[in-house]
Amino acid sequence: MAGFFAGIFYANLVSGDYIASTGILDDYFLKQYAQTEIDTAEFLWYIAYLRLVPVMLLFALGCTKMRKGAASAYIVWTGFSAGMILVTAVMKMGVKGIILCLLCMVPQFICYIAAYLMLLWFLFGYPAVRWNTSKTMCFALFMLTGILLECYVNPVIVKMFLRTL
């Protein structure tokens with residue numbers, strides 16, 4: 001929550017003018033996205049890279065004595081980013097911006113939350129909590145399902161919403 005509120009504070013007070021002047025989330029950008037055909041094979045590799053690199057970095061840091069610090073920093077950064085994104089969406093689009101942000105996270109976010117909760121639970125609970133093969137398989141399944149949903153289902157949902165604007 002501290003990271004989330006810091007992101008809101010930063011977006012409103014520090015970078016409010018910058019956010020207001022950016023082209024992201026303006027009508028032209030959103031119409032272009034709604035009309036663009038996505039090469040799902042290329043998009044799959046892009047999303048896999050974006051989602052798996054932070055996981056691997058967090059897991060690698062989790063194998064060191066910095067595991068709790070890395071997990072805490074990841075949680076704060078995630079909250080900060082969410083606060084910034086939501087404020088930007090509200091500043092640019094109002095309530096529709098919040099709806100767009102929520103739709104951008106559906107349905108893959110459910111899988112990502114489950115995977116990250118498993119990893120964070122391990123990082124905060126180690127050495128009492130051990131990582132094993134079944135956790136690895138569940139984690140990989142959640143991440144893979146999230147990536148596939150983000151590549152094949154989420155663009156359809158977001159485009160349907162953008163076409164109604």
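Which residues does Phe 4 touch, not counting residues up to four places away in sequence? The list is Gly 79, Phe 80, Ala 82, Gly 83 and Leu 86. To see where that contact belongs, start with the whole protein. Keep in mind that the model is predicted.

The protein has nine helices and zero strands. From the N terminus on, the elements read α-α-α-α-α-α-α-α-α. Taken along the principal axes, the C-alpha atoms fill a box of roughly 50 × 40 × 20 Å. The protein has 165 residues, and buried residues make up 32% of them. Now consider contacts with a separation of 6 or more. Of these, 82% join residues 24 or more positions apart.

Return to Phe 4. Phe 4 lies in helix 1. Its relative accessible area is 23%. The cut-off for buried is under 20%, and exposed means over 50%. Phe 4 therefore counts as partly exposed. Follow the chain from Phe 4 to Tyr 18, 14 residues along. The C-alpha atoms of these two residues are separated by 19 Å.

Next, look at how helix 1 sits against helix 5. Helix 1 covers residues 2-14, and helix 5 covers residues 67-93. Their axes are 6 Å apart and pack at an angle of about 40°. The two helices are therefore oblique to each other. Helix 1 passes helix 5 in a right-handed crossing. On the helix 1 side, the contact is made by Gly 3, Phe 4, Ala 6, Gly 7, Ile 8, Tyr 10, Ala 11 and Asn 12. On the helix 5 side, the residues include Val 76, Gly 79, Phe 80, Ala 82 and Gly 83. Met 84, Leu 86, Val 87 and Met 91 of helix 5 also take part.

Helix 5 also meets helix 7. The axes of helix 5 and helix 7 come within 8 Å and cross at roughly 145°. This crossing is left-handed. Helix 5 brings Arg 67, Lys 68, Ala 71, Ser 72, Tyr 74 and Ile 75 to the meeting. Helix 7 brings Tyr 116, Leu 120, Leu 123 and Phe 124.

Helix 7 packs with helix 4 as well. Their axes come within 10 Å and cross at roughly 15°. Angles under 35 degrees count as roughly parallel. Helix 4 and helix 7 are therefore roughly parallel to each other. Helix 4 passes helix 7 in a left-handed crossing. From helix 4, the contact uses Ile 47, Arg 51, Pro 54, Val 55, Leu 58, Phe 59 and Gly 62. From helix 7, it uses Tyr 112, Tyr 116, Leu 119, Leu 120 and Leu 123. Tyr 116, Leu 120 and Leu 123 are also among the helix 7 residues that meet helix 5.

Stay with helix 7 for one more residue. Phe 109 is found in this helix. Phe 109 is partly exposed, with a relative accessible area of 37%. Its partner for comparison is Ile 147, 38 residues away in sequence. In space, the two are 9.5 Å apart, C-alpha to C-alpha.

The loops on either side of helix 7 deserve a look. Most peptide bonds are trans. The bond from Val 106 to Pro 107 is cis, with omega near -5°. Pro 107 is placed in the loop between helix 6 (95-105) and helix 7 (108-125). The bond from Tyr 126 to Pro 127 is also cis, with omega near 10°. Pro 127 lies in the loop between helix 7 and helix 8.

Now turn to charge. The structure holds one salt bridge. Glu 150 forms it with Arg 51, and the closest N and O atoms are 2.5 Å apart. Glu 150 lies in helix 8 (residues 133-152) and Arg 51 in helix 4 (residues 40-62), so the pair ties together parts that are 99 residues apart in sequence. Glu 150 counts as buried, at 8% relative accessibility. Arg 51 counts as partly exposed, at 27%.

Lys 135 is also found in helix 8. Lys 135 is buried yet has no salt bridge. The nearest side chain of opposite charge is Glu 150, 25 Å away. What does Lys 135 touch, not counting residues up to four places away in sequence? Its contacts are Met 118, Trp 121, Val 129 and Arg 130.

How values were computed. Residues numbered from 1 in each chain as written. Predicted model: local features only at pLDDT ≥ 70, side-chain atom pairs only at ≥ 80, totals over all residues. Heavy atoms only, no water. Salt bridge = Lys/Arg side-chain N within 4 Å of Asp/Glu carboxyl O. Helix = DSSP H or I, 4+ residues; strand = E, 2+ residues; numbered from the N terminus. Buried < 20%, exposed > 50% of the residue type's maximum accessible area, 1.4 Å probe, protein only. Lys, Arg positive; Asp, Glu negative; His and termini not counted. Contact = heavy atoms within 4.5 Å. Axes fitted to C-alpha atoms, helices over the stretch in contact; angles between N-to-C directions. Parallel < 35°, antiparallel > 145°, perpendicular 65-115°, else oblique. Left-handed = near helix turned anticlockwise from the far one by under 90°.
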